[in-house]
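User: Please take a close look at one part of this model, beginning with a single loop residue and its backbone. Then work outward, and connect what you find to the helices and strands elsewhere in the two chains.

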Amino acid sequence: MKRPKIFIANEIPKSVEEYIGDHCDYVMWDFSKRKTFQGIVDHIGDVDGILEVGMKIDKELLKHAPKLKVVSNISVGYNNYNLDDMKDMGVLGTNTPGVLDNTVADLIMGLIISAGRRIVEADADTKAGNWQKGEMDKFFGKDIHHSTLGIIGMGRIGEAVAKRAQGFDMEIVYHNRKRKPQAEERFQAEYMEMDQVLQNADFLVVMTPLSEETHHLIGEVELGKMKEDAFLINASRGPVVDEEALIKALQEGWIAGAGLDVYEREPIDRKNPLLQMRNVVTLPHIGSATRKTRDEMAMVAAKAIVEVLEKGDSPYIVPELRKR
Amino acid sequence: MVKPKVLIGYPVKDEIMEYVGEHCELVQMDYSKAITYDDIYERIDDVEGAVVLITPIDKKLLERGKKLKVVSNITVGYNNFDIEEMKKAGVIGTHSPGILDDTVADFVMGLLISTARRITELNSFVKGGSWKKIENNHLMGLDVSGTRVGIIGMGRIGEEVARRCSLGFKMDVSYHNRSRKEGAEEEFGISYKPMDQLLAESDFVIILTPLTEETHHLMGEREFSLMKKNAILINASRGPVVDEKALIKALQEERIAGAGLDVYEKEPMDGDNPLLGMDNVVLSPHIAAGTQKTYDDLAWNAARCMVRILEGEEPVNVIPEMRG
């Protein structure tokens with residue numbers, strides 16, 4: 001039997017490459033080169049699968065890959081998939097849920113504490129040699145313990161954040177499309193309407209996936225309802241927050257600060273005013289970026305692609321594309 | 001009845017001033033600039049009570065302050081008290097234990113996650129305009145949840161850190177302490193280990209011992225050499241518990257992966273301290289207890305301790321050396 005062929009568009013660990021080699025033929029992008037649309041097109045004319053991170057998968061691309069059966073995202077988010085186009089062309093898509101929950105939740109707690117307690121600001125100031133005697137109130141921050149954590153979008157990562165917050169005796173309130181009685185019981189989390197979550201939270205964590213309904217879910221109106229000493233934390237997807245509105249809210253002091261791992265445009269534009277703000281922690285989309293987790297994600301994504309190509313099915317196919 | 005004259009030697013919030021003013025006569029101070037030892041010395045002659053932050057209460061001050069009955073420290077530590085001289089002069093010293101534990105434990109977790117996930121370094125990376133491509137294999141950090149943490153010094157703050165690590169982050173927590181803490185072992189599922197074993201097995205080593213003759217340079221070259229190569233040191237107790245020269249050497253020779261520090265052998269730090277130039281080290285200017293709420297609570301406690309004693313009530317929070 002002829003072995004299926006895969007295009008590997010992102011760097012993966014040696015062990016994952018070997019696993020793929022045991023099951024498929026593959027070509028890999030030359031990682032010393034910048035990725036271009038044409039370059040990608042040149043690689044996919046005869047492939048059955050693509051293993052990638054965040055590559056835009058739509059008709060434009062798919063029409064150059066007549067044999068393609070499956071695209072495998074090495075990430076949990078899959079807003080790069082044009083689901084309608086993929087359905088039309090009969091291409092399946094997979095993602096890697098579950099593997100990265102703890103690593104992302106760790107970073108979210110890190111964003112909460114480093115924004116609330118002003119750790120990045122204090123570190124930069126100390127390293128610049130500005131520490132002077134008798135200025136103990138210079139970096140007074142906001143207490144984390146016994147404050148109220150508001151979670152918008154209570155999925156697996158939301159629950160992992162709630163679990164951590166319990167260690168800090170935080171009060172947990174959340175909003176989600178549907179109520180999560182189990183989470184309510186496990187974390188003493190209280191379900192509230194969106195507005196109430198906005199009004200109550202000291203730290204508002206946005207954890208919804210990006211969809212048409214959640215695009216700009218947090219805009220001027222929502223930011224205007226938040227407390228003046230509250231912080232916004234976003235480590236889900238940039239466009240869930242209307243960045244222009246957030247910048248305005250920060251400039252005008254509607255909220256105290258923000259901790260961000262994602263942006264409307266990535267990498268972030270160098271002229272973005274967020275880069276000038278001391279009360280904003282800006283990270284380069286590293287929510288899941290630890291060696292161990294990334295290796296595990298790449299392996300899950302590789303297994304998903306092999307499963308689809310060998311058996312025609314995989315539990316990692318995204319819900320919208322699963323066979324009914 | 002004549003109200004006793006008192007002095008507040010560090011700015012505190014208005015409500016505290018009002019409370020003290022109702023019970024005592026306040027000595028006028030100019031809080032718009034930093035208050036020095038001399039400012040306090042000049043005004044101490046007919047004062048019966050004082051609230052201070054880190055002002056040395058020494059022989060010279062006590063000789064001028066003949067009417068002094070009580071000095072209340074805003075903080076927990078009281079190495080500014082000359083205890084023998086205070087005893088001789090019949091001056092009671094009080095402090096503020098138990099108030100800042102949660103706030104310090106929060107900060108310890110912030111240092112730990114910031115160091116492991118490179119939050120300060122990557123914030124500078126983004127703000128400095130260095131984020132140019134999505135590929136982020138060079139921005140990987142270390143996982144926090146599920147790793148092993150070793151806490152050296154299991155007092156009240158240690159227990160709060162253990163709660164966060166164990167309940168929140170599912171970390172495997174061990175500790176070393178002069179005495180076993182069976183209560184904490186049971187409550188947080190933590191285990192006692194000999195010092196060397198703890199150092200050799202931990203991914204994160206957190207120092208929380210008070211500074212005494214025995215704990216001076218507790219962490220030296222030998223101890224760092226026992227630690228894992230990918231381990232991180234966190235110190236938020238007192239600087240001299242760690243031999244800073246040995247720490248710098250261990251970091252320079254990559255014998256450990258990084259450090260998160262709030263305290264130093266010399267504070268403020270020297271401008272040429274090599275730690276200032278290290279990306280894998282998070283530095284903060286001794287602010288682990290620094291939130292407005294905690295500071296206000298500490299100041300309230302100090303003010304109440306002073307007023308109680310001046311009004312002849314049972315003293316509270318007297319430093320251990322002066323009890324019974």
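Analyst:
**A loop residue and its setting**

Glu254(B) has a relative accessible area of 55%, so it counts as exposed. The model is a predicted one. Glu254(B) sits in the loop that connects α11 (244-252) to β11 of chain B. Its phi is positive, near 55°, although the residue is not glycine.

Asn317(B) is another non-glycine residue with a positive phi, near 55°. Asn317(B) belongs to the segment after α12 of chain B and, with a relative accessible area of 27%, is partly exposed. In chain A, α12(A) is followed by Gly312(A), where phi is positive and near 80°.

Beyond β11 in chain B comes a cis peptide bond, from Glu267(B) to Pro268(B), with omega near -15°. Pro268(B) is placed in the loop between β11 (258-261) and β12 (281-283) of chain B. Chain A has a cis bond from Glu266(A) to Pro267(A), with omega near -10°, and Pro267(A) is in the loop between β11 (257-260) and β12 (280-282) of that chain.

The helix that precedes Asn317(B), α12 (residues 292-310) of chain B, lies across β1, β3, β4 (70-73) and β5 of chain B and runs at about 165° to β4(B). These strands belong to an open, parallel-paired sheet of five, in the order β2-β1-β3-β4-β5 (chain B). Its edges are β2 (25-26) and β5 (92-94) of chain B; each has a single partner strand, so one side of each lacks a neighbour in the sheet. Further in, β1 (residues 5-8) and β3 (residues 49-52) of chain B pair in parallel over three bridges, and Ile8(B) has Val51(B) as its bridge partner in β3(B).

In chain A, helix α12 (residues 291-311) has 21 residues, which at 1.5 Å a residue should span 30 Å; the end C-alpha atoms are 30 Å apart, in agreement with that figure. Its buried residues include Met297(A), Val300(A), Ile305(A) and Leu309(A). The buried residues of α12(A) pack against β1 (5-8), α1 (14-23), β3 (49-52), β4 (70-73), β5 (92-94) and α5 (101-116) of chain A.

Helix α5 of chain A contains Ile113(A), which has 0% relative accessibility and therefore counts as buried. Leaving aside residues up to four places away in sequence, Ile113(A) touches residues of both chains, among them Ile119(A), Phe168(A), Met109(B) and Ile113(B).

Helix α6 (residues 119-127) of chain A also meets chain B: it packs against helix α6 (residues 119-127) of chain B at about 80°, with the axes 9 Å apart. α6(A) is therefore roughly perpendicular to α6(B). Ile119(A), Val120(A) and Asp123(A) face Ile119(B), Thr120(B) and Asn123(B) in this contact. By type, the contact residues are three nonpolar, two polar and one charged.

The C-alpha atom of Ile113(A) is 9.8 Å from that of Phe203(A), a residue 90 places away along the chain. Phe203(A) is part of strand β9 (residues 203-206) of chain A, where Phe203(A) and Val205(A) on one side and Leu204(A) and Val206(A) on the other are all buried. In a regular strand, side chains alternate between the two sheet faces. β9(A) pairs in parallel with β6 (residues 148-152) of chain A over four bridges, and Leu204(A) is the bridge partner of Gly150(A). Four bridges also join β9(A) to β10 (residues 231-234) of chain A, again in parallel, with Val206(A) opposite Asn234(A).

Note on methods
Residues are numbered from 1 along each chain as its sequence is written. Chains are lettered from A and ligands numbered from 1 in the order in which they are written. This is a predicted model: local features need pLDDT of at least 70, side-chain atom pairs count only at pLDDT 80 or more; totals for chains, interfaces and linings use all residues. Side-chain values use heavy atoms; hydrogens and water are left out. Helices (H or I, at least four residues) and strands (E, at least two) are DSSP runs, numbered from the N terminus. The expected span of a helix is 1.5 Å times one less than its number of residues. Buried means under 20% relative accessible area, exposed over 50%, partly exposed in between (1.4 Å probe, protein chains only). Contact means heavy atoms within 4.5 Å. Axes are lines fitted to C-alpha atoms, for helices over the stretch in contact, and angles run from 0 to 180 degrees between N-to-C directions. Angles under 35 degrees count as roughly parallel, over 145 as roughly antiparallel, 65 to 115 as roughly perpendicular and the rest as oblique. Ala, Val, Leu, Ile, Met, Phe, Trp, Tyr, Cys and Pro count as nonpolar, Asp, Glu, Lys and Arg as charged, and the others, Gly among them, as polar. Two strands pair if DSSP finds at least two bridges between them.
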